[in-house]
Amino acid sequence: MYDILIVGGGPAGLTAAIYALRAGRSALVIEKNGFGGQIAFSPKVENIPGTRTISGAEFADKLTDHAMDLGAEVELETVTAVEKSGDIFTVTTEEGGSYNAKAVILAVGVKHRTLGLPGEEELIGNGISFCAVCDGAFYTGQDVAMIGGGNSALQEALLLAEVCNHVTIVQNLAFLTGEKKLADALAEKDNVSILYSTVVSEYLTQDGALTGLKLHNDATGQESEIAVNGTFLAVGLMPENDAFAHLASLNAWGYFDSDESCTTATAGLFVAGDCRSKYIRQVVTAAGDGAIAAMAACKYLDR
Ligand SMILES: Cc1cc2nc3c(=O)[nH]c(=O)nc-3n(C[C@H](O)[C@H](O)[C@H](O)COP(=O)(O)OP(=O)(O)OC[C@H]3O[C@@H](n4cnc5c(N)ncnc54)[C@H](O)[C@@H]3O)c2cc1C
C-alpha cells in the first residue's frame, strides 16, 4: 500500500513525488513511455528559472534522478483504470499490475495532435515543434511554417514573425478560424504569408533534419514544396483523460475540470499539470501543480 500513487512521470508527476517524499510519504510513480514526460522531446529548454539552458532530455533525467534519489518507486506501465473502494484506491495497468494507495494524483499530461505523416515522430524536437514560446528562438532568422489556422496557430505565428525570417501559415480550410484581431495583426507583417486550402503531404528531410514541406492544395489539386528549417504544429491538443472521467469530471475540451487547488470531486484524488484546465501549459506550471497536488494529498492523508 502506497501513501500516494502518481500516474504520469512528467514534470507534474515527478515534482509531486519529490514533495510527497520530502513530506515523509511513500510514493509510486507509474509512467507509460519515458520518465520526464514530453519535455524530453525539447532540444533546448531556456525558461526554467535558475537554469539558463538545458536540453529537455537532460532536464528529464535530472528530474527523474531527483525523485528516485529521494526514494520514489517507479514502474514503467500504462495505467488503464483507477477505482476507489472505501478509502482505498486501486490502480490497474495494461501490463496486469494492480497497486493500492491511499491517495492518487493524475498527472497524465496531454498529447499534441500531429499530422500522422511518415517520419513525424522522429522529427519532433528536431525540426517539428509544438510551442513557439518554447522553441521559436531556435529559428531566429530562419524560415518556418505554422500548420493550423486557429487562435493558437495565429498567436504562435505572431510570436514567430518577431524572430524568424519568414513564417508560412498552412491552413487546410479556405479561411482562418482564429480571431479577426489576430488575423489583422498577421496581415500587417510583411514576413508572413498564408496558404489556404492547403495540407502538408510530406515532410522533406536531409540527414534526418527537416528541410521543407511538400504541400497539396485541396482546391486546385496543385502540389508544391516550400523550404523551411522548422515547422510548428498547432492542430489541437488531445487530453487522454476519458478513462478517469467517472472520478474526476472533464470540461468541454476533455481536460480535468479543476482549478489551482488540483482537487477533484473524489476525495483523495488530485490532478496536476497539462491534463487539467489551465491557462499556460509549461514545465513551471506543471511543476507548480505537482507541488500543490502533493501537499493537498498529504493534508488529505493527515485528516
Ligand atoms: C517539443 C516540446 C517542447 C517544449 N518546450 C518547452 C519549454 O521549452 N519550456 C516549457 O516550460 N515547456 C515546454 N514544453 C511543454 C512541457 O513539456 C509541458 O508543459 C510539461 O511537460 C507538462 O508536464 P506534465 O507532467 O503535466 O505532462 P507531461 O510532460 O505530458 O507528462 C505526462 C506523462 O504521463 C504519462 N502518461 C499519460 N497517460 C498515462 C497512463 N495512462 N499511464 C501511465 N503514464 C501515463 C505520459 O507518458 C507522460 O510522460 C514543450 C513541449 C514539447 C512537446
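Here are three short exercises, with worked solutions, on a predicted model of a protein with a ligand.

**Exercise 1.** Work out how the chain is divided into domains and how far apart the domain centres are.

*Solution.* Start with the domain assignment: domain 1 takes 2-110 + 239-301, and domain 2 takes 120-233. Next, take the centre of each domain over its C-alpha atoms; the two centres turn out to be 32 Å apart. Then look at who does the touching: domain 1 puts 6 residues into the contact and domain 2 puts in 7 residues.

**Exercise 2.** Describe the contact between domain 1 and domain 2 by its buried area and its polar pairs.

*Solution.* First the area: about 550 Å² is buried between domain 1 and domain 2, and 58% of that comes from carbon and sulfur atoms. On the domain 1 side, the touching residues split into 2 nonpolar, 2 polar and 2 charged. Now go hunting for salt bridges between the two domains: the count is 0. Polar contacts, with both residues at pLDDT 80 or more, also come to 0 residue pairs.

**Exercise 3.** Find what surrounds the ligand, which backbone atoms lie by its oxygen atoms, and how much of the ligand the protein buries.

*Solution.* Begin with the neighbours: 33 residues surround the ligand, and the closest are Ala 12, Glu 31, Asn 47, Asp 274 and Val 283. Now go through the backbone. Asp 274 has a polar backbone atom 2.8 Å from a ligand oxygen. For Pro 11, a backbone N or O atom sits 3.2 Å from an oxygen of the ligand, and for Arg 281 that kind of distance is 3.4 Å. Last, the area: on its own the ligand exposes 1,000 Å², and the protein buries 95% of that.

Definitions and conventions:
Residues are numbered from 1 along each chain as its sequence is written. This is a predicted model: local features need pLDDT of at least 70, side-chain atom pairs count only at pLDDT 80 or more; totals for chains, interfaces and linings use all residues. Side-chain values use heavy atoms; hydrogens and water are left out. Domain bounds come from an automatic or database domain assignment. Contact means heavy atoms within 4.5 Å. Buried area is the accessible area (1.4 Å probe) that two parts lose on being put together, summed over both. A salt bridge is a side-chain nitrogen of Lys or Arg within 4 Å of a carboxyl oxygen of Asp or Glu. A polar contact is a pair of N or O atoms within 3.5 Å; within protein, one must be able to donate a hydrogen and the other to accept it, and residues adjacent in sequence count only if both atoms are side-chain atoms. Ala, Val, Leu, Ile, Met, Phe, Trp, Tyr, Cys and Pro count as nonpolar, Asp, Glu, Lys and Arg as charged, and the others, Gly among them, as polar. A residue is near a molecule or strand if one of its heavy atoms lies within 4 Å of it. Accessible areas come from the Shrake-Rupley method with a 1.4 Å probe; for residues, only the protein chains shown count as cover.
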